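Grab a pencil and let's work through a few exercises on one protein chain. Have a look at the fold first, then try each task before you read its solution.

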Amino acid sequence: MATTVRGRILHLQRLSTEDGPGIRTTVFFKGCPLRCAWCHNPESISPKIEIQWYAVRCLNCRTCVSVCPQQGLEMTTDGLRIDRQRCQGCGTCAEACPANAIEALGQDVTVEEVLDELLKDRVYYQTSGGGVTLSGGEPTMQPDFALALMRSLWEASIHTALDTCGLCLDTTLELLLPFTNLVLYDLKLMDDEVHQHFTGQSNRRILENLLHLRNWMDTHSHSPQLWIRTPLIPSATATDENVYSIGTFLAQNLNGYVARWELCAFNNLCRDKYTRLNRDWRFAAQPLLLPDELAHLEDVARSSGVDPAIVQTSGATRLQEESCPK
């Protein structure tokens, strides 16, 4: 049965209001083909199960060190050192930790197991116009699992959304689209060289797949709604040139197809995630955008000629007075 197909996810986020319309549950997949320098979900990038350590919970009992079968843990004066090369993500340390200071990131589940949890919130979906969003990471990296889950939700009359970076085979999109009500499609950077610099990959296939999606919508009776999402990252994507270029591309190629273009403001709430994963984050000291900066980029987007129903900015901003010299 399709419901026995297995996949690897991070977790389910209930009562989400940021990944599509209404109240939703977001299924975060493990694994992503991009390596975005600003990634807000660094724990989702690797397809492997990883562990993270919470310093504030640690009792310094060294139980984790003693039970690790790979001898990949060491308690130092600076805290727990995790040898990421040795760690196999077996979760033995997490199970043994008496203070829950170690957490395994990633779990292998069947479609049936996930579906049982998702359907518990059916009433929220129905009363709010919400549903389930597949996100990550990147759902298309696990096409069989994503397809089986989307099909099961579709058959249960649950609104489905696919949140994708667009870097996948066009045939994978074709598999998922018949069971998708909404596509949340990321367009981060238009300049291919800059895209490669910040994400590690070319944007060529991403743009080609977006046009392929447009053509698919033209030739099929079922047509999912399309939202474009652009993260506004200071010193990276949040430039007039980039936002205008994305808008121009949409105006020239997708007018009439895009229902919404979201400009998502940078946030730094993920800093602790990088610390727990023993990684440096180049944007750790980056301040939030000012409200005026966000409003300006929205004006730039609207001036590009794009004509979606909604160009909307979202995300936290810092107070205007914080930019003033003390």
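**Exercise 1.** How many helices and strands does the chain have?

*Solution.* Keep in mind that this is a predicted model. Going along the chain, you should find 11 helices and 13 strands.

**Exercise 2.** Work out why the chain counts as being as compact as a globular protein of its length.

*Solution.* Step one: take the radius of gyration, which is 21 Å. Step two: see what the globule rule gives for 326 residues, namely 20 Å. Step three: the two values are close, so the chain is as compact as a globular protein of that length. For the overall dimensions, the C-alpha trace spans about 65 × 60 × 40 Å along its principal axes.

**Exercise 3.** What share of the residues is buried, and what share of the contacts with a separation of 6 or more links residues 24 or more positions apart?

*Solution.* Start with the cut-off: a residue is buried if its relative accessible area is under 20%. By that test, 51% of the 326 residues are buried. Now the contacts: of those with a separation of 6 or more, 72% are between residues 24 or more positions apart. As for the outside, the accessible surface is about 15,500 Å², and carbon and sulfur atoms hold 48% of that.

**Exercise 4.** In which sense do strands β4 and β5 pair, parallel or antiparallel?

*Solution.* First find β4 at residues 73–76 and β5 at residues 79–82. They pair in the antiparallel sense, over 4 bridges. One bridge to spot links Thr-76 with Gly-79 in β5. Finally, look at the connection: a hairpin of 2 residues takes you from β4 to β5.

Definitions and conventions: Residues are numbered from 1 along each chain as its sequence is written. This is a predicted model: local features need pLDDT of at least 70, side-chain atom pairs count only at pLDDT 80 or more; totals for chains, interfaces and linings use all residues. Side-chain values use heavy atoms; hydrogens and water are left out. The radius of gyration is taken over C-alpha atoms; the globule rule is 2.2 Å times the number of residues to the power 0.38. Buried means under 20% relative accessible area, exposed over 50%, partly exposed in between (1.4 Å probe, protein chains only). Contact means heavy atoms within 4.5 Å. Accessible areas come from the Shrake-Rupley method with a 1.4 Å probe; for residues, only the protein chains shown count as cover. Two strands pair if DSSP finds at least two bridges between them.
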